[in-house]
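Biologist: I'm new to this structure, so could you take me slowly through a single part of it? Pick a spot where helices and strands can be looked at up close.

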Amino acid sequence: MKRSLLGIILVCLFLAPSQIFANSPQFTDVKANQWHASPIAWAVENKIVVGFPDGSFKPDAPVTEEQFLIMLSRAAKSGLEPYEDAKQRNMPIYYKLNLPLDRNETAVYLAANLGFKHEKDLVSESVAFLYEHNIARGLSNSGQADLSQYGGTKQLTRAEAVTLLQRATEASLSFGAKLEEQPQVQYPESVIFNAKAPKQFINAISNLPAFEGLRLEADHYDATFAVVAILEDPESRLDSASFILSTSQKPYLTVFLRQVNDVTIAAATNVLAQYISESEAELLLQKHLEVRDLNGETKSMEFKTSSGYDIRYSNSDIKISPRS
């Protein structure tokens, strides 16, 4: 009996805590011989993730941006709310909130969290950085820094998230680093123009460079539409431009420039450039401004682009809607 007990103790001493945990029936859908068993055990042991009430972990379920930022915050032991933690450490923020994160976006977050500074292409350089430090190994586990093998546009799963986090925290780098300045990201179309999530639109639009130093307010927000106003003068509370996101059956975005100046032009260009190219956005605004002061009744004109949206402008506004 004593020999048996001694044998068990010795086995436990030689096994890592995550190995012991992975071989225990912790989750109904995680088997000890699966590739993600050890990283999941590590993440639970370090209080980074928990399972579901039904006893499952759901390793193949997608991870939202908010969930991944929570994991990053817990792994870094910041003690802050996920988005506050990201802001304080100057991490790039996509503002997808409860929308699934893809593997490219994950690479950007992880690399920034490790203090990586890109030079030209934020996404590809972030992926290469993770390959260089053996954090990412691609979907084929080839170990080659090949974007086609990385599967960047695929949604990140819970199993992949904890695996990447474990490798990142164990790399010889400064996990939880603070960048000198926040890298600018290309906002996903799902964030900028998602008719089912007007609050996300407000958060995303607030983070665009053109709005820095300006006061933004959601004048009205309900299940039907949201109005975001730029207030150049907070004391007078006069808005210089408004962006209305409709969440009706046929969603649309309407741009109103109440005052035409460098600020409103820059802001409108930034928003329009999420749907069309920057040069097209500049041309569209030019056409809109040309007809603004014309007398007579409002006439809506079509603006031709190669994007997947119908765009019309008049002397009063610019309207963008999904192409029917």
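Modeller: Here is a walk through one pair of helices and then a small set of strands. Bear in mind that this is a predicted model, where local features need pLDDT of at least 70, side-chain atom pairs count only at pLDDT 80 or more, and totals for chains, interfaces and linings use all residues. Residues are numbered from 1 along each chain as its sequence is written, and side-chain values use heavy atoms, with hydrogens and water left out.

Let's start with helix α12 (residues 262–272) and helix α13 (residues 278–292): their axes come within 9 Å and cross at roughly 130°. Axes here are lines fitted to C-alpha atoms, for helices over the stretch in contact, and angles run from 0 to 180 degrees between N-to-C directions. Helices are DSSP runs of H or I with at least four residues, strands are runs of E with at least two, and both are numbered from the N terminus. That angle makes α12 oblique to α13, since under 35 degrees counts as roughly parallel, over 145 as roughly antiparallel, 65 to 115 as roughly perpendicular and the rest as oblique. On the α12 side, I265, A268, T269 and L272 make the contact (heavy atoms within 4.5 Å), while α13 brings in E278, A281, E282, L284, L285 and L289.

Now the strands, which pair if DSSP finds at least two bridges between them. Strand β6 (residues 309–313) runs antiparallel to β7, with five bridges joining them, and Y313 stands opposite I318 in β7. Four residues sit between β6 and β7 in the hairpin they form. Strand β7 (residues 318–322) also pairs with strand β4 (residues 252–257), in the antiparallel sense over three bridges. There, L253 has I320 of β7 as its bridge partner.
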